[in-house]
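Reader: Before I trust any labels, I'd like to hear the reasoning behind them. Can we go through them one at a time?

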Amino acid sequence: MNLQETINASTKPFLIAGPCSVENPAQVLEVALALAEYGKIKMLRGGIWKPRTRPDSFEGVGVIGLPWLVEAGKEANLPVCTEIANKNHVEAALKAGVDVLWIGARTTVNPFAVQEIADALKGTSIPVMIKNPINPDLELWIGAFERLDKAGISDLTAIHRGFSVYNHPKYRNVPNWEIPIALCERMPNIPIICDPSHISGRRDLLLEVSQKGLDLNFDGLMIETHPNPDTAWSDAAQQLTPDNLFRLLEQLVQRSPSLDKYTEKELEEIRDKISVLDDRVFDLLSARMNMSVNAGELKMKHNITIFQQEHWAKMKNKRLNMADDYNLTPFFVQQMMDAIHQESIRHQTKVMNPKQDNSSDK
Ligand code: PEP
Ligand code: MN
C-alpha cells in the first residue's frame with residue numbers, strides 16, 4: 001500500500017487503533033474484529049517488540065506474535081502496522097507480511113539505530129511512520145526522515161507522541177505542539193498522525209488531546225485499544241476498549257482547515273481588529289521601554305544597581321495576583337513579566353554600559 005496516498009485520500013482523521021502490545025492470537029483478533037465492525041478504523045496497530053524503560057517489564061512477545069497480528073489484520077480486512085527497532089525486526093516484519101512499520105520514540109533518538117533500519121529497508125517500498133524522538137529535538141526527528149529518504153524509502157509519515165519529561169502533573173509525555181507544527185512547516189508533504197495515548201498516559205485525557213490534534217489539523221490519530229485494558233501487559237492505564245474508543249470518536253469535532261468566502265471575510269475583520277490591538281500592545285511596550293531608559297539614566301546618575309530584588313518581586317506579584325481579573329493564566333503572566341523585565345534590563349544596561357553589545361541578550 002501507499003500510506004501517504006491512502007491518508008491523503010481518506011476522510012480525516014485517518015484512524016489507527018489496536019493494542020499497545022500483541023499478547024496472544026485471541027486478544028489481537030478480538031480487537032481487530034471489533035475495530036473493523038465499526039467501519040471507520042483504517043489500520044490495526046500492535047506492538048511485537050516493546051522497548052521498555054526497565055528490564056523487568058514485558059518487552060513484547062517477539063517474532064511469534066507477527067503471524068497473530070498479520071492474521072488478525074487479514075480476518076478483519078485491515079492493514080497492520082508494528083514497531084521495529086533494529087534490522088532483525090525489519091527482516092522479520094517484512095517476511096511476515098506486515099503492511100506498515102513504525103520507528104518508536106526510543107529509536108528515533110538514536111541515529112545509528114535509525115541508519116541500521118534505513119539500510120535494512122533499502123530496496124523495499126514499505127511505508128514507514130516515524131515517531132518523534134523522546135527529547136524535544138526537531139532536527140533529530142527530521143534527521144530520521146532524511147536517513148530513510150536517502151535509503152530510497154519515500155512513503156513516510158510522522159507520528160507525534162509527545163516528549164519525555166520528569167514527573168509532569170498532567171501528561172505522560174508533554175505535547176510541545178510547536179514542534180510537530182514546525183515539522184509540518186519544514187516537511188509539508190509528510191502526513192502527521194497524533195498519538196494521544198502516549199501523550200496522555202491516562203484514559204481521561206484522551207478526548208482532550210485527540211481534539212487538540214484535530215484542531216491543529218493533524219491528518220490522523222493512533223489510539224491504543226485493548227479488549228480488556230486493565231489487564232493489558234503494557235500501558236494499561238491509557239488503553240481503551242473498542243466501545244470506549246468509538247464513544248470518544250463520536251465526540252470529536254472535525255473542523256475544516258479552509259473557509260467559505262463569507263466566513264473568511266468575517267474572520268478577516270476580526271483579524272484586522274486583532275492587528276490594531278497588537279499595534280497598541282507594541283506601541284505601549286516601546287513606550288514602556290523608553291521609561292526604563294529614564295530609570296536607567298537616574299540609576300546611573302546615583303550609581304545604583306539596575307536590579308532591585310524587592311521592587312521587582314512586588315511588581316511581579318501584583319500582576320500575578322491580577323491574572324484572573326485579566327483572564328490570563330498565571331503561567332502566561334509570569335512569562336510576560338519575565339520577558340518585559342529582561343528587555344527592560346537590556347535597555348538599562350545599554351544606558352549604563354554603552355560600549356557593551358547586548359543586542360542578543362535574552
Ligand atoms: C507504542 O506505540 O506502544 C510505543 C512504545 O510508543 P513510543 O515509541 O511512542 O513510546
Ligand atoms: Mn504503548
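Author: Sure, and keep in mind that this is a predicted model. Let's start with Thr225, which sits in the loop between strand 10 (220-224) and helix 11 (242-251).

Reader: Why is Thr225 called buried?

Author: Buried means under 20% relative accessible area. Thr225 comes out at 0%, so the label applies.

Reader: What does Thr225 touch, leaving out residues up to four places away in sequence?

Author: Among its contacts are Ala17, Gly18, Pro19, Val31 and Leu35, and also Gln239, Leu240, Thr241, Pro242 and Leu245.

Reader: What makes the link between Thr225 and Ile223 a polar contact?

Author: The side chain of Thr225 reaches the backbone oxygen of Ile223 at 3.0 Å. The cut-off for such a pair is within 3.5 Å, so the distance fits.

Reader: How do you know which atoms are donors to the manganese ion (ligand 2)?

Author: A donor has to be an N, O or S atom within 2.8 Å of this metal. Cys20 (SG), His198 (NE2), Glu224 (OE) and Asp235 (OD) coordinate the ion at 2.1 to 2.4 Å, so they pass. Along the chain, the donors have the spacing C-x177-H-x25-E-x10-D. Cys20 and Glu224 join distant parts of the chain: they are 204 residues apart, with Cys20 in the loop between strand 1 (14-18) and helix 2 (25-38) and Glu224 in strand 10.

Reader: Are Cys20 and Glu224 buried or exposed, and why?

Author: Buried. Cys20 has a relative accessible area of 1%, and Glu224 also has 1%. The limit is under 20%, so both get the label.

Reader: What makes Arg45, Ala105 and Lys131 polar partners of ligand 1?

Author: A polar side-chain atom of Arg45 is 2.8 Å from an oxygen atom of ligand 1. Lys131 also places a polar side-chain atom 2.8 Å from a ligand oxygen, while for Ala105 a backbone N or O atom lies at 2.8 Å. The cut-off is within 3.5 Å, so these pairs count. The protein covers 97% of the 290 Å² of accessible area that ligand 1 has on its own.

Reader: How does the shell around ligand 1 divide, and what is in it?

Author: The split is 3 nonpolar, 2 polar and 7 charged. The residues include Lys50, Glu83, Trp102, Gly104, Arg106 and Arg161, along with the metal donors Cys20, His198 and Glu224.

Reader: And why is Phe331 called exposed?

Author: Phe331, in helix 15 (residues 330-352), has a relative accessible area of 57%. Exposed means over 50%, so the label holds.

Methods:
Residues numbered from 1 in each chain as written. Chains lettered and ligands numbered in written order. Predicted model: local features only at pLDDT ≥ 70, side-chain atom pairs only at ≥ 80, totals over all residues. Heavy atoms only, no water. Helix = DSSP H or I, 4+ residues; strand = E, 2+ residues; numbered from the N terminus. Buried < 20%, exposed > 50% of the residue type's maximum accessible area, 1.4 Å probe, protein only. Polar contact = N/O pair within 3.5 Å; in protein donor to acceptor, adjacent residues only side chain to side chain. Contact = heavy atoms within 4.5 Å. Donors = N, O, S within 2.8 Å, 3.2 Å for Na, K, Ca; no water. Near = heavy atom within 4 Å. Areas by Shrake-Rupley, 256 points an atom, 1.4 Å probe, with all protein chains shown as cover. Nonpolar A, V, L, I, M, F, W, Y, C, P; charged D, E, K, R; others polar.
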